[in-house]
Amino acid sequence: HHHHHQYPSNLIMEKPSDDENADIPVPRPAEGSEELEAFEIGLQAIFYSWASLALAVQQEFGGPHTRDKAKGLFEDYLKLFYRKREKSDEEKLGEFLDSELDQKFNLDLDDGSIDQVVDHTIGLYIECAHKDYEPLNKFLQLTSKIQPADGNVIWGGKKYECFPLPIEEPLPEPEKEEKVEEEEEDDGWTTVKKRR
């Protein structure tokens, strides 16, 4: 039984099991990498499934510029997180969100959701850094059912239901089996079999 405007109280994302990646050093994906793209898509989903924030945006708790403020909140939080990434101080991230919500949206949350958002941010980052996109995809499927309060407009303009997105016009991919048979000729050209 689905309730349409019931937001998940606990952000549906399962907390990553701590022991799984604990001893493995976290890779540091570069800017523009697939891993960070995945992380940012997931973080958008965390933000638009954040019920209290969605409500504040819908009801314009921050006045006429609520949506811009919400966009700014997301971007500032992301910047703050990127400074230290997985070594981020959870308390600092939480305090940042807490004071921003208070100052910009008159929102004083004691529903535990800030801690969850921070927890999930770090967990999600570690998973994506390890190219483990399965939890992200489960989460994207769940959040795709939420009707965001214009959330997809605010955070990134697109709702993803999976990552990476299937490519609509398939790019010609090098055929792996045939690659082996192709032989380099003297003039440096590669003979390519004609496609049917």
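Here is a short guided walk through this structure, which is a predicted model.

Let us begin with helix α1, which covers residues 34-48. Its 15 residues, counted at 1.5 Å each, should span 21 Å, and the C-alpha atoms at its two ends are indeed 21 Å apart, so expectation and model agree. How much of α1 is buried? The count is 12 of the 15 residues, so the rest of the structure largely encloses this helix. Among the buried residues of α1 are L36, F39, I41, L43, I46, F47 and Y48. Keep F39 and F47 in mind, as both return below.

Just along the chain comes helix α2, made of residues 51-58. Here S52, L53, A54, A56 and V57 are the buried residues. After α2 you will find E60, which has a positive phi, near 50°.

Now for the aromatic rings. A pair of aromatic rings is described by how far apart the centres are and by the angle between the planes. Across the whole structure, a search finds 9 aromatic pairs. One of them joins F47 and W50, with 5.7 Å from centre to centre and 85° between the planes, an edge-to-face arrangement. Both of these residues, F47 and W50, are buried.

A second pair to look at is F81 with Y125. Their ring centres lie 5.3 Å apart and their planes stand at 70°, so this pair is edge-to-face. It links distant parts of the chain: F81 sits in helix α3 (residues 66-84) and Y125 in helix α5 (residues 113-129), 44 residues apart. Are these two rings buried or exposed? F81 has a relative accessible area of 0% and is buried. Y125, at 1% relative accessibility, counts as buried too, since the cut-off is under 20%. F81 and Y125 also belong to one aromatic cluster together with F39 and Y82. Here F39 from α1 returns, as promised.

Helix α5 has another partner to explore, helix α4, which runs over residues 90-105. The axes of α4 and α5 come within 9 Å and cross at roughly 130°. The two helices are therefore oblique to each other, and their crossing is right-handed. Which residues meet there? From α4 come E90, L93, G94, L97, D98 and L101, while α5 brings I114, V117, V118, D119 and I122. It helps to recall that an α-helix has 3.6 residues a turn, so residues three or four places apart point the same way.

Our last stop is N137, a residue of helix α6 (residues 134-143). With 18% relative accessibility, N137 counts as buried, because the cut-off for that word is under 20%. Which residues does N137 touch, leaving aside its neighbours within four places in sequence? The contacts are E161, C162 and F163. For N137 and C162, the C-alpha atoms are separated by 5.3 Å, although the two residues are 25 residues apart along the chain.

Terms used
Residues are numbered from 1 along each chain as its sequence is written. This is a predicted model: local features need pLDDT of at least 70, side-chain atom pairs count only at pLDDT 80 or more; totals for chains, interfaces and linings use all residues. Side-chain values use heavy atoms; hydrogens and water are left out. Helices (H or I, at least four residues) and strands (E, at least two) are DSSP runs, numbered from the N terminus. Buried means under 20% relative accessible area, exposed over 50%, partly exposed in between (1.4 Å probe, protein chains only). Contact means heavy atoms within 4.5 Å. Rings of Phe, Tyr and Trp (its six-membered ring) pair if their centres lie within 6.5 Å; planes under 30 degrees apart count as stacked, over 60 as edge-to-face and the rest as tilted. The expected span of a helix is 1.5 Å times one less than its number of residues. Axes are lines fitted to C-alpha atoms, for helices over the stretch in contact, and angles run from 0 to 180 degrees between N-to-C directions. Angles under 35 degrees count as roughly parallel, over 145 as roughly antiparallel, 65 to 115 as roughly perpendicular and the rest as oblique. A crossing is left-handed if the near helix is turned anticlockwise from the far one by less than a right angle, and right-handed if clockwise.
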